[in-house]
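Work through the exercises below with the sequence and the 3D structure open. Each task sentence is followed by a solution in steps.

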Amino acid sequence: MTNKKDLNKFFNDFLTKNPLFLNKKVLQDSYTPENIEHRDDQINTLAGILAPLLRLEKPSNVFVYGKTGTGKTLSVKYVTKKILDVAKEKNIPLKMVYLNCKLKRIADTEYRLIAQIANEFGGNIPATGLPTDEVYKAFMKVIDEKSNKLIILVLDEIDQLVKKAGDGMLYNITRLNSELKNTELSLIGISNDLLFMDGIDPRVKSSLSEEEVLFYPYNAIQIQDILRQRSNVGFRKEIIGEGVIEKCAAFAAREHGDARRALELLRVAGELAERSNKITITLEDIDAAEEKIECDKVIDTIHAQPKQFQLTLYSLLSISEQKKKSIFTGDIYSVYHDFSIKIGSKPLTQRRVSDIIAELDMMGIINARVVSKGRYGRTREICLSIPTSTTNVIKNVIKESLNL
DNA sequence: CACCGTTCAGTTGAACTAAGCAACGGAATTCGG
DNA sequence: GAATTCCGTTGCTTAGTTCAACTGAACGGTGGA
């Protein structure tokens, strides 16, 4: 495709040929399907808990557990949306706020969380500079003024927030209700961590999880159902090759039944097949998709991270190229230090780099384990948990974003 | 050989600091009469 | 003289630093069999 003619031909071909996708949205994870498979119990329970809202009564706070991709967020959004619809019809003053506490710089501290909610209601709270209790006051003022009688507050990945900010803030939030005059606030906490509630202040615990809903992982058969349902809408008929759905499901079931992953796998496989002008999706496309997703995921998270973070990862990747064996913190730090000086920025201390490595571990980019090597000290033993084929791509991405 | 104190290379927690930001209040400036 | 703008001060959050305590098993020495 070096000259115009070729490019014209390419675009024309692209338009004339039958697309594999009918409706790609269906396969994206922002999509909320009309019926959610294999989650009837949980949805009914949730609906039962929230139903009093329609009688202007405050429902119990709910705590939703389950691993990633088990449909927690989806089900909660589904139920709340339905209830909002009904409320709107009946003119019930109900409002829902959904916040993902994991999002950096949006809702990952107590201050930012409250500020964010207040801003959702039309408040105007700056990103920094105010004392936290001042923010609470401003928040309550905004909420009470807007005189929405009932509010559902959904806090997704609440475990991440508490890990960072401590459980004192949960207490503050649960106490909000008694401070609010015109408004009833009910909480839905969503957590990926099944053990999250252990080690939380018992007062908070009893107040936050008046009701609990547990989402079990899907098994392979259920994931297959979900994939079929969505692919019927998302793809043209007869596109999906033999065993493709099964393979996607198997991949996902291996990872604790993560349906989101299965769907993503299928979608990306479709995109890859389309790009290489195939008319069906084959098993190879799944493998390629698996790799691509892994790579993209890492690249996305990297882009959102600060410079020094990227540099740390870059150093890590550089080392791992040279020696396959496990890597230790000290190695990374010295390489990182050199790089940092070379590009003319002040290196972070080892303390911070140690934390960054822990973060990388959390993100699943690396696999780190604290080991004691006898009297040769104690360190993290690190190995990459991404395929070596993608490390080069990632290195280039970092290079680019750092102007190396 | 079994046992035990030493030792290393980080890990981890807590206190602290610098950079940004907003609000406050007083000083300086502007404005209309 | 009142209203408005400007500017320094204070107090906040947050990312990162400094300090220091803590860790846990291999090493190497000891003593007993």
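**Exercise 1: Helix H9**

Task: work out what span helix H9 (residues 220-234) should have, and compare it with the model.

Solution. Helix H9 has 15 residues, and at 1.5 Å a residue these should span 21 Å; the expected span is 1.5 Å times one less than the number of residues. The end C-alpha atoms of H9 are 20 Å apart, which agrees. Helices (H or I, at least four residues) and strands (E, at least two) are DSSP runs, numbered from the N terminus.

Before going on, note that this is a predicted model, in which local features need pLDDT of at least 70 and side-chain atom pairs count only at pLDDT 80 or more, while totals for chains, interfaces and linings use all residues. Residues are numbered from 1 along each chain as its sequence is written, chains are lettered from A and ligands numbered from 1 in the order in which they are written, and side-chain values use heavy atoms, with hydrogens and water left out.

Next, list the buried residues of H9: Gln 222, Ile 223, Gln 224, Ile 226, Leu 227, Gln 229, Arg 230, Ser 231 and Gly 234. Buried means under 20% relative accessible area, exposed over 50%, and partly exposed in between (1.4 Å probe, protein chains only). Their cover includes helix H3 (72-89), helix H10 (244-254) and helix H11 (259-275), where contact means heavy atoms within 4.5 Å.

Last, look at the start of H9, where a side-chain oxygen of Asn 219 comes within 3.1 Å of the backbone nitrogen of Ile 221. A polar contact is a pair of N or O atoms within 3.5 Å; within protein, one must be able to donate a hydrogen and the other to accept it, and residues adjacent in sequence count only if both atoms are side-chain atoms.

**Exercise 2: Thr 80**

Task: decide whether Thr 80 is buried or exposed, and find what surrounds Thr 80.

Solution. Locate Thr 80 in helix H3. Its relative accessibility is 1%, so Thr 80 counts as buried. Within the chain, a polar atom of the Thr 80 side chain lies 2.7 Å from the backbone oxygen of Val 76. Once neighbours within four places in sequence are set aside, Thr 80 is in contact with Leu 50, Met 96, Ile 152 and Ile 188.

**Exercise 3: Two helices with a buried face**

Task: for H7 and H16, find which residues are buried and how they are arranged about the axis.

Solution. Start with helix H7 (residues 168-179), whose buried residues are Met 169, Leu 170, Ile 173, Thr 174, Leu 176 and Asn 177. Seen down the axis of H7, these fall within an arc of 145°, so they line one face of the helix. The arc is that of the directions from the helix axis to the C-beta atoms. An α-helix has 3.6 residues a turn, so residues three or four places apart point the same way.

In helix H16 (residues 388-402), Thr 390, Thr 391, Ile 394, Lys 395, Val 397, Ile 398 and Leu 402 are buried. Their arc is 165°, so they line one face of H16. These residues pack against helix H12 (283-303), helix H13 (307-322) and strand S8 (378-384). Just after H16, Asn 403 has a positive phi of about 60°.

**Exercise 4: The DNA strands**

Task: describe how the protein meets DNA strand C and DNA strand B.

Solution. Take DNA strand C, which has 19 residues around it, with Thr 109, Thr 132, Gly 374, Arg 375 and Arg 378 nearest. A residue is near a strand if one of its heavy atoms lies within 4 Å of it. Sugar and phosphate make up 76% of the atoms of DNA strand C that come within 4 Å of the protein. A polar side-chain atom of Thr 109 is 2.5 Å from a phosphate oxygen of this strand, and one of Arg 378 is 2.8 Å from a base oxygen.

Now take DNA strand B, with 16 residues around it, of which Thr 329, Arg 351, Arg 375, Arg 378 and Arg 380 come nearest. Here sugar and phosphate account for 61% of the strand atoms within 4 Å of the protein. A polar side-chain atom of Ser 354 lies 2.8 Å from a phosphate oxygen of DNA strand B, while a polar backbone atom of Gly 377 is 3.0 Å from a base oxygen.
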